[in-house]
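Let's take a walk through this structure together, one stop at a time. Have the 3D view open and turn it as you read.

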Amino acid sequence: MKKQDTVCITGVGLTSSIGHGYEEFASNLLSSVSGIERVSAFEVNDHPSQIASLIGQIPCPEGFDENEFRSRLRIEQCGIWCAESALRDAGLQKRPEGLRIGLVLGLGAEWMQSWEMDYRRGGRRAFDPTEEPAGLTTKVHRLLDLRGPQLTVSAACASGNWALSQGRRWLELGWVDICLAGACDIGVTPLSLAGFGNLRALSRKNQAPHAALRPFDKDRDGMVLGEGGAIFVLEKTSKAIERGARRYANVAGFGATSDAHHMVIPCPEPQQGIAAMKQALNDAHVEPNDIDYINAHATGTPVGDVCEAKILQSVLGESVKDVPISSTKALTGHLLSAAAAIEAVACLVALERQVTPPTVNLEDPDPDCAMLNHVRNEPQPRPVDVTVSNSFGFGGNNTCLVLKKAA
Amino acid sequence: MPTMNTPNRETATEHDSLECAVTSYATTRLSYDAVNALRKQSDTLPGALGNSVLRHSDEQTLTALVAVKDAISQFETPPEDFQNWGVVFSTRYLGRTAFAQALNKFAVDGPWNVSVQVVPNRSLHSPASMLGLALGCHGPCVGVGGGLDGEPDAWLTAISLLGQQSLPGIWLVFSGWEPDERIDIEGTPLTDTSCTTLALALQPASTSNPTARLRIVYDQFAPVALEVPAKTTAMTLFENFIASGNEQPLTAMLGGGLRAEMNWSNAMTSTIPLLRPIPTNLKKAA
């Protein structure tokens with residue numbers, strides 16, 4: 001591939017609590033519509049945390065049999081909807097024979113979620129999984145008749161950034177002509193709500209769902225689980241221009257490191273988080289003062305937000321007081337494996353609408369996070385050419401993704 | 001409406017192969033009881049993680065720690081450390097035993113007794129992270145695959161990552177139960193089965209003294225779709241490769257017109273013996 005031939009995003013498919021498509025998501029994100037509510041899909045009275053960001057019924061893609069679609073597990077519906085609508089958005093629903101479209105999906109707990117969903121409807125897959133040997137990535141690949149390689153990847157809550165990075169890499173290597181890349185997670189299940197709740201990772205502000213998730217706020221008490229996904233169509237810029245495709249952004253840089261510190265707790269001296277951000281900026285040829293918006297990982301946990309503030313301060317240096325930073329999780333919830341993917345969509349919104357989305361519920365910034373230039377509670381119009389999205393995860397996974405406005 | 005013409009294959013031929021060196025390897029095959037006994041033997045495994053940590057680890061993670069320890073002892077030129085290495089770890093149905101227990105316990109006791117350890121230790125990323133923790137790896141550590149169709153993901157990711165991030169090495173690990181059999185509600189296998197791991201140390205192609213060379217090749221005649229479920233695991237492919245001496249390369253079809261090929265290095269006159277011998281039936285098959 002010619003050096004100047006960058007990789008760009010030409011299609012977006014998503015489902016989230018604040019929208020099942022790009023336009024709806026963008027509108028609700030910038031209107032600060034919260035998707036967090038009390039869980040009603042199953043009994044939660046005995047759960048420590050009783051709230052989540054739920055997507056409701058996932059739309060059935062055009063041309064699919066509604067009954068067949070509804071008979072599938074929700075994680076499958078999520079993947080199919082996101083992938084199909086991304087191809088449609090990119091104008092690729094009808095495509096030439098032989099086009100090699102790859103598929104990279106970030107899926108952190110696909111099998112556990114499938115087993116639990118199946119168990120709840122009377123199935124036995126958890127005890128005999130060979131009943132269903134194909135994973136979600138294979139199913140989407142087959143259903144959409146894709147012709148390129150496929151990959152399921154997990155770096156816990158950083159999986160979405162990984163997927164975009166691998167999709168870009170496959171295009172650079174010439175392994176695919178087009179790549180679908182993104183992540184899905186239907187993590188709001190009785191067992192995961194209980195497991196995360198017992199871990200004391202979840203907010204217990206059950207009486208005030210919209211105000212519960214408070215990234216960087218002094219009064220934060222944990223995250224709120226969310227569900228959904230986002231899948232992107234990636235292709236070479238030269239090809240996208242040639243066929244007249246809409247270009248949302250360029251996938252410009254990626255960095256990834258591991259703490260090797262603890263399976264849950266981030267390293268209090270976050271050298272590896274800093275290294276991941278620096279790798280991504282270096283890969284994208286971006287200096288701190290070039291950044292127009294940072295979508296922080298900030299899940300609203302007491303430890304994690306302070307840790308990320310340290311990373312941002314170290315990487316940004318003097319620019320820390322200037323670069324607008326927000327966490328959109330306060331509206332979408334924490335989508336776990338799919339968090340980075342949905343936050344990449346928030347970055348596309350910033351690039352397209354020339355506005356920085358806010359951190360809602362940020363009333364009283366934690367003094368340990370007060371050095372940051374928070375976008376508090378209201379979106380801020382400003383020129384946005386370069387966005388950065390941090391995503392960290394269990395196991396000490398650190399990632400950073402740089403998206404640039406398509407020139 | 002934007003249109004797309006049939007692409008030419010110019011870019012595919014420009015980058016029709018990606019190569020790296022295999023500098024060490026090991027395989028491990030343990031019974032259900034043997035693998036669970038490792039939870040109390042932290043001091044025998046890399047990183048001395050502590051029995052309290054291993055208590056919560058998945059069986060596939062524990063088996064991998066044994067395999068990687070064996071592989072470390074087999075390097076011809078051992079790396080000083082693994083600080084900048086990454087880990088790509090393919091598992092099959094990770095966490096099934098613990099999750100079966102959790103489902104049962106939740107049904108009986110409700111949410112307050114759900115273990116906080118299931119998600120951190122039994123998710124797809126967990127074995128890679130645990131191995132990274134044991135070896136002090138600060139490079140990327142990711143889980144891939146997950147089902148009976150997921151092993152090709154590991155070959156693709158490890159080799160492409162090695163070239164992408166200027167890493168000195170990647171641990172490429174395949175784990176799973178062979179065969180994948182039914183379990184009861186306590187997570188206990190209902191028939192004899194072994195937890196297996198293949199661990200490969202991959203380094204850049206320029207590394208001196210490689211044991212074998214691994215390439216990913218684009219071949220327009222290679223299959224597009226994956227075989228599901230895969231009839232042969234990476235572990236079996238590799239053990240056949242070892243048993244065949246220099247006669248047959250290892251070939252794995254990766255889908256999308258890609259395949260992995262492993263050949264012994266020209267410089268090699270003999271292979272490194274496996275610490276754990278290949279079962280007799282496999283030798284005969286090879």
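Before the first stop, one bit of vocabulary: two strands count as paired if DSSP finds at least two bridges between them. Keep in mind, too, that what you're looking at is a predicted model.

With that in hand, start where the two chains meet. Strand β5 of chain A, residues 150-154, is joined to β3 of chain B by two bridges, and the two strands run antiparallel. To find the spot, look for A:S154, which stands opposite B:G143 in β3 of chain B.

That pairing belongs to a wider contact. How many residues does each chain bring to the contact? Chain A gives 84 residues and chain B gives 79. Interface size is often expressed as the accessible area lost when the parts come together. Here, the area buried between chain B and chain A comes to about 6500 Å², with carbon and sulfur atoms giving 64% of it. The parts of chain B that touch chain A include several helices and strands: the elements giving two or more residues to that side are α1 (10-14), α5 (96-109), α6 (118-122), α7 (126-135), β3 (141-146), α8 (151-164) and β6 (212-218) of chain B. Sorted by class, this side of chain B has 41 nonpolar, 28 polar and 10 charged residues.

What about specific contacts across the interface? The rule finds zero salt bridges between chain B and chain A. Polar contacts are another story: 20 residue pairs are in polar contact across the interface, counting pairs with both residues at pLDDT 80 or more.

Now step back and take in chain B by itself. It has 10 helices and eight strands. Of its 286 residues, 59% are buried. Take the contacts in chain B between residues at least 6 apart in sequence: 78% of them join residues at least 24 apart.

For a closer look inside chain B, go to B:E261, which is found in strand β8 (residues 258-264). Is B:E261 buried or exposed? Its relative accessible area is 14%, and because buried means under 20%, B:E261 counts as buried. Its side chain makes a polar contact of 2.6 Å with the side chain of B:R259. If you set aside neighbours within four places in sequence, B:E261 is in contact with B:R213, B:L214, B:R215, B:V217 and B:L250.

Salt bridges may be missing from the interface, but the structure holds 36 of them over all chains. Some share partners: in chain B, B:R29, B:R92, B:E151, B:E178, B:D180 and B:E239 are joined in this way into one network.

Over in chain A, let's visit a few pairs. The side chains of A:E23 and A:R353 meet in a salt bridge, with N to O at 2.7 Å. A:E23 sits in helix α1 (residues 22-30) and A:R353 in helix α13 of chain A, so this pair ties together parts that are 330 residues apart in sequence. Both ends are partly exposed, A:E23 at 44% relative accessibility and A:R353 at 30%.

Another salt bridge links A:E227 with A:R74, the closest N and O atoms being 3.4 Å apart. Because A:E227 lies in strand β7 (residues 227-236) and A:R74 in helix α3 (residues 74-89) of chain A, this pair ties together parts 153 residues apart in sequence. A:E227 is buried, with a relative accessible area of 2%, whereas A:R74 is partly exposed at 27%.

A third pair to look at is A:D322 and A:K321, a salt bridge whose closest N and O atoms are 4.0 Å apart. A:D322 counts as partly exposed at 46% relative accessibility, while A:K321 counts as exposed at 52%.

For the last stop, go back to helix α13 of chain A, residues 339-353, and find A:V349. This residue is buried, with a relative accessible area of 0%. Which residues does A:V349 touch, not counting those up to four places away in sequence? They are A:Y22, A:F25, A:A26, A:L29, A:L30 and A:Q354. You can also check a distance here: the C-alpha atoms of A:V349 and A:G35, 314 residues apart along the chain, are separated by 18 Å.

Terms used: Residues numbered from 1 in each chain as written. Chains lettered and ligands numbered in written order. Predicted model: local features only at pLDDT ≥ 70, side-chain atom pairs only at ≥ 80, totals over all residues. Heavy atoms only, no water. Contact = heavy atoms within 4.5 Å. Buried area = accessible area lost by both parts, 1.4 Å probe. Polar contact = N/O pair within 3.5 Å; in protein donor to acceptor, adjacent residues only side chain to side chain. Helix = DSSP H or I, 4+ residues; strand = E, 2+ residues; numbered from the N terminus. Nonpolar A, V, L, I, M, F, W, Y, C, P; charged D, E, K, R; others polar. Buried < 20%, exposed > 50% of the residue type's maximum accessible area, 1.4 Å probe, protein only.
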